[in-house]
Amino acid sequence: MQNHDSKAPFDPRFCRNEREVESKLIVSCLLPALGYEINMWHQEKNWRHFRLDFLTTANGQTNSQVIIEAKHPDEELDNHVPQLENYMLKMQVDYGLLTNGREVRIYQRQTGQIHLKFECFGYGIEGKIAEIKALIGKDKLFAAQSQHIIQDNTTMKIIAVYHNKGGVGKTTTTVNLAAAFANRGKRVLIIDLDSQANTTFATGLINFGDEEKDDLKDHYIYHLLRHSERFSIPEVVRKSRFSTHDIDVIPSHILLMQHENELNQLDYSRMILVQKLQAVKDKYDIVLIDTPPSLNLYARIALITTDYLLIPSDLKPFANEGLENVKAFVSEINGFRKMVQRQPIEILGILPTKISSNNKFKEGTLVNRMKNVEERYQIEVLKDCIIFEREDLAKCIEQTLQVGELEMNDPRSIFDYKSSSKAVEEFEQLAAVIHQKIGFA
Ligand SMILES: Nc1ncnc2c1ncn2[C@@H]1O[C@H](COP(=O)(O)OP(=O)(O)OP(=O)(O)O)[C@@H](O)[C@H]1O
Ligand SMILES: [Mg+2]
């Protein structure tokens, strides 16, 4: 009575269809042998438009999850590798197991690709459990997860969102990426270094009706830069009002414009933020800095302070030509950073923004533009993270709230304005890719 006894060895000849591969090999044999109890995995797990056969849980840490895909015994595994790869890359999951009962393969995600790490026959799998466990066993992956958590909490990462061309989507990127990171459980601080104060507006901090009620002008980024002895970050930080998550903001103000010469005279103004952020490095995981469309002092301070640079661009000719300025600026700032013993800025890439979703454009002009920009400027274009032009993204900032007679600004992140918007998926994807690039996963 082989295979009716749960302790009998697995025999692929008893699997006549995909369901039986799932029940006899995965549920009865593999998952328990690898240490996954019944509450540690989901069957038929939906993720966006994907439907995974199995996904192990790990408190939301994708680096310690495993996607398991079972196929009909007559299917060749080679034909299903691209699908598994797609799942692993899109979901940023590190391990995938693929089987048709006859064969078992384990893939690992590394540097944007998946690699075959292990393969064996289904027949005799009991003799291979130790090897499989060492790769994707619960104990192995949960131990990796706790190491990641420690690392996460100790390394605050700073990302500047910059392009010297105006209107390319810097502010839209900053605020919605902040919301996407907060959704992923990160503690986020936004710094607005632009005197247009659009980020301060978009995060819901400019909701006073008139100038007399302006409660920002006495505590904003200028005070931190100018009166370094008197002000610390917690004293100028505000709780934003654009997201269901707690996201802190160091606001800007239109008056910042008047102070550029004065701050330029102060040698230390360039390094203040670096120093001030050190004092809150255990409080935040991610700091996002929004910058002005210029090569001014504030852009300079942002690039001196940051670890990483994200360059939003609509990829139109003026924005592309502006990339020469960005490159020269980065290289000049790197010279300064070297003097003060800071590592060079790490460029995350050019983020295509406000891109037309017209199919003809996407498949023709856009593909060429991305390729040309990469070749010409030698900066990676984040082709998997395109932010398309969508009305929702413009509208979410323009929301208002009626309070008695008054109409108040009530901007929302795209996540809070319309969770079904395609832009939500785009920002989730962007956060996932950056998450990986900056070494969180
Ligand atoms: N993906 C998008 N789809 C539709 N509208 C967008 C998109 N991104 C930005 N916008 C709109 O384009 C305008 C400029 O965007 P944004 O303010 O983010 O650019 P910016 O680079 O920060 O501008 P500035 O250089 O003036 O600071 C805004 O009205 C914004 O709502
Ligand atoms: Mg802006």
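A residue is taken to be near a molecule if its C-beta atom, placed from the backbone, lies within 6 Å of it. By that criterion, in this predicted model, 19 residues surround ligand 1, and among these G166, K170, T171, T172 and P293 come nearest. Two elements, α5 (170-183) and α14 (391-395), each give two or more residues to the shell around the ligand, and the greatest contribution is that of α5, with 3 residues. Sorted by class, the shell around ligand 1 holds 8 polar, 6 nonpolar and 5 charged residues.

From the ligand, helix α5 leads to the sheet that it packs against. That helix lies across β7 (157-161), β8, β10, β11 (286-290), β12 (308-313) and β13, and it runs at about 165 degrees to β11. These strands belong to an open sheet of 7 strands with mixed pairing, in which the order is β9-β10-β8-β11-β7-β12-β13. The edges are held by β9 (238-239) and β13 (346-352), each of which has a single partner strand, so that one side of each is left without a neighbour in the sheet. Within this sheet, strand β8 (residues 188-192) and strand β10 (residues 247-250) run parallel and are joined by 4 bridges, with L189 standing opposite D248 in β10.

Helix α5 also has a helical partner, since its axis and that of helix α16 (residues 422-437) come within 9 Å and cross at roughly 70 degrees. Angles of 65 to 115 degrees count as roughly perpendicular, and the crossing therefore makes α5 roughly perpendicular to α16. On the side of α5 the contact is formed by N176, L177, A180 and F181, which meet F427, E428, L430 and A431 in α16. By class, this contact between α5 and α16 has 6 nonpolar residues, 1 polar and 1 charged.

A second pair of helices can be read in the same manner. The axes of helix α11 (residues 297-305) and helix α12 (residues 317-339) come within 10 Å and cross at roughly 60 degrees, and the two helices are therefore oblique to each other. The crossing in which α11 passes α12 is right-handed. Here R300, L303 and I304 in α11 meet F329, V330, I333, F336 and R337 in α12, and the contact comprises 6 nonpolar and 2 charged residues, with no polar ones.

The chain also forms an open sheet of 6 strands, again with mixed pairing, whose order is β1-β2-β3-β4-β5-β6. Its edge strands are β1 (41-47) and β6 (113-121), each of which pairs on one side only. Averaged over the sheet and with direction ignored, neighbouring strands are turned by 30 degrees against each other. Two helices pack on this sheet. Helix α1 (residues 18-33) touches β1, β2 (50-56), β3 (66-70) and β4 (95-99), and its direction makes about 140 degrees with that of β3. Helix α2 (residues 81-91), for its part, touches β1, β2, β3, β4, β5 and β6, with a direction at about 160 degrees to that of β4.

The pairing of individual strands can be followed from β4 through β5 to β6. Strands β4 and β5 pair in the antiparallel sense over 5 bridges, and one of the matched positions places Y95 with its bridge partner Q108 in β5. The hairpin of β4 and β5 has 3 residues between the strands, and in that hairpin G101 takes a positive phi near 90 degrees. Strand β5 (residues 103-110) is in turn joined to β6 by 8 bridges, and these strands run antiparallel. Along this pairing R109 stands opposite I114 in β6, while V104 has C120 in β6 as its bridge partner. When one looks along these strands, it helps to recall that in a regular strand the side chains alternate between the two faces of the sheet.

Notes:
Residues are numbered from 1 along each chain as its sequence is written. Chains are lettered from A and ligands numbered from 1 in the order in which they are written. This is a predicted model: local features need pLDDT of at least 70, side-chain atom pairs count only at pLDDT 80 or more; totals for chains, interfaces and linings use all residues. Axes are lines fitted to C-alpha atoms, for helices over the stretch in contact, and angles run from 0 to 180 degrees between N-to-C directions. Angles under 35 degrees count as roughly parallel, over 145 as roughly antiparallel, 65 to 115 as roughly perpendicular and the rest as oblique. A crossing is left-handed if the near helix is turned anticlockwise from the far one by less than a right angle, and right-handed if clockwise. Two residues are in contact if their C-beta atoms, placed from the backbone, lie within 7 Å. Ala, Val, Leu, Ile, Met, Phe, Trp, Tyr, Cys and Pro count as nonpolar, Asp, Glu, Lys and Arg as charged, and the others, Gly among them, as polar. Two strands pair if DSSP finds at least two bridges between them.
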